[in-house]
Amino acid sequence: MRTEGQSTDILENTSNVHNKLAHPMIHSFFSGFQEKVQECVKSNFKRLKMGHDTSISSIMRGNNRGASAVIDVDKEKQLQSWKENPRWVDQPPDIKVSVPKGSLCNLSVKVNVGLPPETVYDIVTDPENKRVFKNIKEVVSRKVLVDEGLRQVVELEQAAIWRFLWWSGTIAVHVLVDQNRENHTMNFKQVKTGFMKRFEGSWRVEPLLVDKDLCHPFRPNTLADYISYTKGKGRIGSTVSLEQLIQPAIVPPPPISWYLRGITTKTTEMIITDLLAEAARIRGSSNNDGYQGLKVNEESSVESQVGDIRDIKERWALRRRMARHRQRRLSSIAKSS
């Protein structure tokens with residue numbers, strides 16, 4: 001017969017045995033659960049980190065291959081959009097000439113181009129762009145001083161052609177060029193002073209939202225909005241800005257200074273005209289016919305007719321009329337043959 005003390009001992013022993021059996025099971029369960037939770041958290045964190053790094057590399061324009069690939073894909077997609085829909089009407093550039101004290105002139109040019117910024121920047125910074133810009137007679141030397149991937153500093157020496165009315169000639173240009181592809185800018189400055197005391201300026205290429213009508217009823221405030229609203233089908237053009245300061249060692253008096261300003265303005269207009277012609281060629285647009293008027297090897301009669309007009313808007317209107325006439329003439333010849 002068990003006493004009360006014996007019953008208590010038996011209960012305590014039974015409880016101890018149960019605790020000894022349950023403790024390892026509970027410990028094993030919670031230990032395994034904790035390990036699984038840690039593994040799950042680590043795995044998710046790793047995936048999030050990889051996704052975050054990928055998104056950063058796709059947005060930032062770094063010096064790695066991944067960033068370059070994203071830029072190329074965007075550029076090719078935009079070029080395809082332009083080739084599928086090359087409809088675009090070039091407008092005359094907005095050229096403003098001011099005369100700061102002690103300088104010949106300060107030129108401020110702005111023009112819209114029917115190509116994406118990356119492509120326009122490629123044209124402007126291409127070492128072989130002598131084939132595009134007819135005012136470049138010869139590239140004497142080109143040396144890359146700094147190469148940081150998206151940014152380069154180049155020492156450039158070339159012979160440039162100038163044309164004004166019936167006169168033409170060449171001038172030596174020796175500049176340092178700071179090219180930054182990240183923000184599509186290019187700054188240039190004269191290396192040595194001589195006939196020119198100061199010759200400096202900058203290019204900037206910014207995105208232009210061409211097909212805003214595809215965003216209806218929304219109004220895009222940013223480029224990201226535009227791409228989202230048009231589902232990536234909206235064409236992106238470029239607004240090109242050129243600032244240029246020219247200061248000779250000795251500023252000549254009028255009327256010589258007036259002619260020199262005219263030469264500078266006309267030369268700048270030639271550069272913009274050649275840029276628009278190259279953009280039309282890349283788009284596959286027939287508008288390319290409208291820019292034959294300012295080529296260096298043009299017929300003298302055409303140059304005389306266009307060059308004698310002082311107002312830039314009148315000159316561009318005449319070129320467009322001549323381009324339409326040439327296009328109709330070519331079409332009639334094609335039909336008759």
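What volume does the largest pocket have?

## The largest pocket

In this predicted model, the largest pocket has a volume of about 1,000 Å³. It is lined by 42 residues, and those closest to its centre are Asn-135, Gln-158, Ala-160, Val-173 and Phe-199. If you have the structure open, these five make a handy place to start looking.

Several elements give two or more residues to this lining. The helices are α3 (117–125) and α5 (256–283). The strands are β3 (136–147), β4 (151–164), β5 (167–180), β6 (185–190), β7 (196–209) and β8 (236–248). The most comes from β5, which gives eight residues. Sorted by class, the lining of the largest pocket holds 28 nonpolar residues, 12 polar ones and two charged ones.

## Helix α5

Let's turn to α5, one of the helices in that lining. This helix has 28 residues and reaches 41 Å from its first C-alpha to its last, close to the 40 Å expected at 1.5 Å a residue. Most of α5 is covered, with 23 of its 28 residues buried. Just after the helix comes Gly-284, which takes a positive phi of about 80°.

## Glu-118 in helix α3

Helix α3, which also gives two or more residues to the lining of the largest pocket, is where you will find Glu-118. Is this residue buried or exposed? Glu-118 counts as buried because its relative accessibility is 8%, and the cut-off for buried is under 20%. The side chain of Glu-118 has a partner too: a polar contact of 2.7 Å joins it to the side chain of Arg-181.

Note on methods. Residues are numbered from 1 along each chain as its sequence is written. This is a predicted model: local features need pLDDT of at least 70, side-chain atom pairs count only at pLDDT 80 or more; totals for chains, interfaces and linings use all residues. Side-chain values use heavy atoms; hydrogens and water are left out. On a 1 Å grid over the protein atoms alone, a cavity is a set of points where a 1.4 Å probe fits but cannot get out, and a pocket is an open set with protein on both sides within 12 Å along at least five of seven lines; lining residues have an atom within 4 Å of a point. Grid points are joined across faces, edges and corners, and a volume is the space filled by probe spheres set on the points. Helices (H or I, at least four residues) and strands (E, at least two) are DSSP runs, numbered from the N terminus. Ala, Val, Leu, Ile, Met, Phe, Trp, Tyr, Cys and Pro count as nonpolar, Asp, Glu, Lys and Arg as charged, and the others, Gly among them, as polar. The expected span of a helix is 1.5 Å times one less than its number of residues. Buried means under 20% relative accessible area, exposed over 50%, partly exposed in between (1.4 Å probe, protein chains only). A polar contact is a pair of N or O atoms within 3.5 Å; within protein, one must be able to donate a hydrogen and the other to accept it, and residues adjacent in sequence count only if both atoms are side-chain atoms.
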